Amino acid sequence: MSLLIVNTLPEDRAREAVRSLTARSAHSRVIHTGPLNIHPCVGCNFCWLKTPGRCSIQDGYEELLKAYLTYDAAIFLAGTALDFVDHRMKDLVDRLLPLATMYTHIVDGQCRHVPRYEKKYRFGLLYDGEADRDYLDLWMDRVMLNLGGVSLGAYPMEQAKEAFPCTL
Amino acid sequence: MHLVIINGAARPQSRSNTAKIIAAFRMGYEESGSTSEVWHLSDRAQWAGAAQAFAASDNILIALPLYVENVPGILLEFLAGLEPKTTPGTQIAFLVQGGFPEASQSRCCEKYLEKLPELLGCAYAGTLIKGDMFGLRLMDEKEGQELLRPFTRMGRHFADTHRFEKETVAAFAGPEYLSAKECRMFRLFGRPVQRLFMGRMAKKLGCTGPLDARPYSTGN
C-alpha cells in the first residue's frame, strides 16, 4: 500500500513519526506543508462553480490535491489547539472541497456532495499535543463520510509505531 | 444587555451569508433596547479589535458557517490566539449555518462547541443551528428576507433569554433528517434540477466546462 504523509508540524517535531511511518510502507512520500504556504479556504466556491475541481487560491495546495489521488492512504501529522486539531490542519481539511462536486445525493439518509473522482480515500490523523481523541475519531469519520472515503482513525503522535494497524 | 458578535466566516463580509444572518439577528436583538457590535474575521485588520472585544465582554455570540464538520480554519486560528478568561461570568453562544438541509449535519460541530467555551474560561450558552442556507446570497431581496425572518425572531428571543435552549433550537433547526418522502423526491428530481440551477450559476461566473470535471484525474 502506497502512503502519503502530510506533515503540518515543524520538521524536527515530526521526524521520529515520519521515520516510523515510512518504515512501515513499501512506497511512501512525505510532503511538508510549511514551505507550501497553505492559505485558509475563503469560501468562494469557485472550485465547484467556476473552475470545477481547481482551487482559486494560488499556493502549494494543488500539489496535495494531486497527491491525495495518487496514494492509497494519507496520514496527516498535526498540532493541536483547544482540544482539537490546530488551524493548519483544519485549513488543509477545509480545502478538500475540490475533491467533491457541488452536486448532492443522498447516502444513508443524509445529503452528501457527489465525489469528483472514483477514489476510496483513506485518511488518518496523528496528532501532537493535547486533544480529545474520541472527538477527533468522530470528526475524522465525518470528514471521510463527506468524501465517500474511510477514516483510519486519530492517534496520538507517540503511538506512531503501532498506529493504523489495519492499513500499515 | 450588550452583545459582542464575532463572524467566523472566511468569505468577505459583502458576500457572506453569515453576515446577512447576523444582520437579521441583530434587528431582533436590538428591538427592545439591547445593543450589539459585530467583528468580521474575514478581515484580518479586525482581529485585534475582536480579541479586545472578547476580553472586555461577558456576552458573546460566535456565528459561523459549517466548514467540514467544524468551525472554519480562520475562526479556529483566531480562537486559539485568545487569552482564556481567568474570572467567571462570560458566556458564549454559537450560531451555526450550513448548506445541507438537515440539522443532523451540524451535530458533530455542535458537540465540539459545547465544550469550547470552557477552554476559553467561559460558560456555554447554547448553539443555534440552521441548514439549507447555501442559496441565500443568490436570492433576490424579497426571497432573502423570507429566509432571514426567523433569525430576527431568534434575535428577539436571545435578547429575552440570553441563551439558546435545546428545545428552542430543535424547533428552529428544522428536520433532523429528511423524511422518506423527501428522500424519494430528491432521488427522482434532485439531479436534473441541480444540473439546471447549478449550471446557470456556473455560467454566470464564467464557467465553460462541466461541473463534474476531473482536472487531476489519474485514471482512478
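The following exchange concerns a predicted model of two protein chains, A and B, and takes up their contact, a cavity, a pocket and the salt bridges.

Colleague: How many residues does chain B bring to the contact with chain A?

Modeller: Contact is counted here between heavy atoms within 4.5 Å. On that basis chain A brings 52 residues to the contact, and the number from chain B is 54.

Colleague: Which three residues of chain B supply more of the area that chain B buries against chain A than any other three?

Modeller: Chain B and chain A bury about 4,800 Å² between them, with 63% of this area on carbon and sulfur atoms. Of the area that chain B buries against chain A, 16% is supplied by three residues, namely Val68(B), Leu211(B) and Tyr216(B).

Colleague: Which helix gives the largest share of the side of chain B that touches chain A?

Modeller: Between chain B and chain A there are 25 residue pairs in polar contact, counting pairs with both residues at pLDDT 80 or more. On the side of chain B that touches chain A, at least two residues are supplied by each of α3 (73–80), α4 (107–119) and α7 (180–204) of chain B. The largest share amounts to nine residues, and the helix that gives it is α7(B).

Colleague: By class, how many residues on the side of chain B that touches chain A are nonpolar?

Modeller: Sorted by class, that side of chain B has eight polar and 13 charged residues, while its nonpolar residues number 33.
The charged class also has a part in the links across the contact, where the count between chain B and chain A is four salt bridges. In one salt bridge the side chain of Glu69(B) meets that of Arg142(A), with an N to O distance of 2.9 Å. To return to the value asked for, the nonpolar count is 33.

Colleague: Which residues line the largest cavity, and of what class are they?

Modeller: The structure holds one cavity of 30 Å³ or more, and about 30 Å³ of space lies in it. Helices α4 (87–94) and α5 (133–147) of chain A each supply at least two residues of its lining. The lining consists of Phe76(A), Met89(A), Val93(A), Leu96(A), Phe123(A), Met140(A) and Val143(A), and with no polar and no charged residues among them, the class is seven times nonpolar.

Colleague: Which helix gives the most to the lining of the second largest pocket?

Modeller: The second largest pocket has a volume of about 260 Å³, and of the 13 residues that line it, Lys20(B), Glu141(B), Gly144(B), Gln145(B) and Leu148(B) lie nearest its centre. By class this lining has five nonpolar, three polar and five charged residues. Both α1 (17–30) and α5 (141–161) of chain B supply at least two residues of the lining, and the helix that gives the most, with six residues, is α5(B).

Colleague: In which helix do Asp94(A) and Lys90(A) both lie?

Modeller: Over all chains the count comes to 20 salt bridges, and in one of them the side chains of Asp94(A) and Lys90(A) meet at 2.4 Å, N to O. These two residues are four residues apart, about one turn of the helix, and both lie in α4 of chain A.

Key. Residues numbered from 1 in each chain as written. Chains lettered and ligands numbered in written order. Predicted model: local features only at pLDDT ≥ 70, side-chain atom pairs only at ≥ 80, totals over all residues. Heavy atoms only, no water. 1 Å grid on protein atoms, 1.4 Å probe; cavity = no way out; pocket = protein on both sides within 12 Å on 5 of 7 lines; lining within 4 Å. Points joined across faces, edges and corners; volume = space filled by probe spheres on them. Nonpolar A, V, L, I, M, F, W, Y, C, P; charged D, E, K, R; others polar. Buried area = accessible area lost by both parts, 1.4 Å probe. Polar contact = N/O pair within 3.5 Å; in protein donor to acceptor, adjacent residues only side chain to side chain.
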